[in-house]
Amino acid sequence: MVRMNPRSGVNSQQQAGTQVPPSQTLSRGIRALEILAAADRPLSIGELTEALGVHRSVAYRILRTLEDHSLLVRDDSGRVQPGPGLSVLASGVSRNLQTAALPELTQLANTLHMTAFIAVWDHQECVTLVTVEPRHTGAALAQHPGSRHPVSTGAPGIAIQSTMTEERWQQVGAGNPYRPEAHEARRIGYATSHDEVVAGLSSIAAPIKVPGGRPAAIAVVYIRLDQDADEVGQALAASAARIESQLA
């Protein structure tokens, strides 16, 4: 029998250090949102059920709950897609970083004619937090908030690693190798990558140190081969410094 401590509200299993098992229902609901966010179109109930690997009745209960909280919506054909409630939740993620970064991202996107974005470190991956596309060009690449790639690949991951020494990264990097390029990024203030996350694409990123939080990176992604990487890198590093000054 599990007994609760009347003063702390902590049960005896928690006091003893026993790991509480995760909620399967909550995990399935979160997974459903991840599947919908990654899809390039609304999904039918059957498609989502198959992707979740659950019985249709279980999927319906999960979807009804998410729908009640506006985390997903259905179109006229009954297909489901992410709902406006997710925007409310996302606005609270790294709120100070988003607020400080948005003017810099807008300036970079419209000056460099590239999509500019903030990537944050999330265990094994870099996650795009916020992105801005240039206003007056039809050739910019899309970089959607929530998109992920391994922290061990691409300029944002290298830039994030460069905020730490190799010894420190070995302690906190969850087994991911420390890129040799991080040493150079640490010296010059930005990192570059080519053909790593997506074949044919290049990226440049500068690290952002977040007080009390995990490091992030401000980055651009592009396909032009004649771009002056040093000029872009210096612009990103200057933006990163201004963002850090607002976060301090």
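This is a short tour of one strand with its neighbours, then of a pair of helices. The model is predicted.

**Stop 1: strand β7**

Select residues 202-208, which form strand β7. Are these residues buried or exposed? Of the 7 residues, 7 are buried, so the rest of the structure largely encloses the strand.

Now show the side chains. S202, I204, A206 and I208 point one way from β7. S203, A205 and P207 point the other way. Residues on both sides are buried.

**Stop 2: the partners of β7**

Add residues 191-194, strand β6. β6 pairs with β7 in the antiparallel sense, over 4 bridges. To find one bridge, pick T192: its partner in β7 is I204.

Next, add strand β8, residues 216-222. How many bridges join β7 to β8? There are 7, and these two strands run antiparallel. Return to I204 and look across to β8: V220 stands opposite. I204 thus has T192 as a bridge partner and V220 opposite it in β8.

**Stop 3: helices α2 and α3**

Move to residues 24-38, helix α2, and residues 45-52, helix α3. Two packed helices are described by the angle and the distance between their axes. Here the axes come within 10 Å and cross at roughly 120°. That angle makes α2 oblique to α3. The crossing is right-handed.

Which residues make the contact? From α2, select R28, R31, A32, I35 and L36. From α3, select L48, A51 and L52. Colour this set by residue type: 6 are nonpolar, 2 are charged and none is polar.

Note on methods. Residues numbered from 1 in each chain as written. Predicted model: local features only at pLDDT ≥ 70, side-chain atom pairs only at ≥ 80, totals over all residues. Heavy atoms only, no water. Buried < 20%, exposed > 50% of the residue type's maximum accessible area, 1.4 Å probe, protein only. Pairing = 2+ DSSP bridges. Axes fitted to C-alpha atoms, helices over the stretch in contact; angles between N-to-C directions. Parallel < 35°, antiparallel > 145°, perpendicular 65-115°, else oblique. Left-handed = near helix turned anticlockwise from the far one by under 90°. Contact = heavy atoms within 4.5 Å. Nonpolar A, V, L, I, M, F, W, Y, C, P; charged D, E, K, R; others polar.
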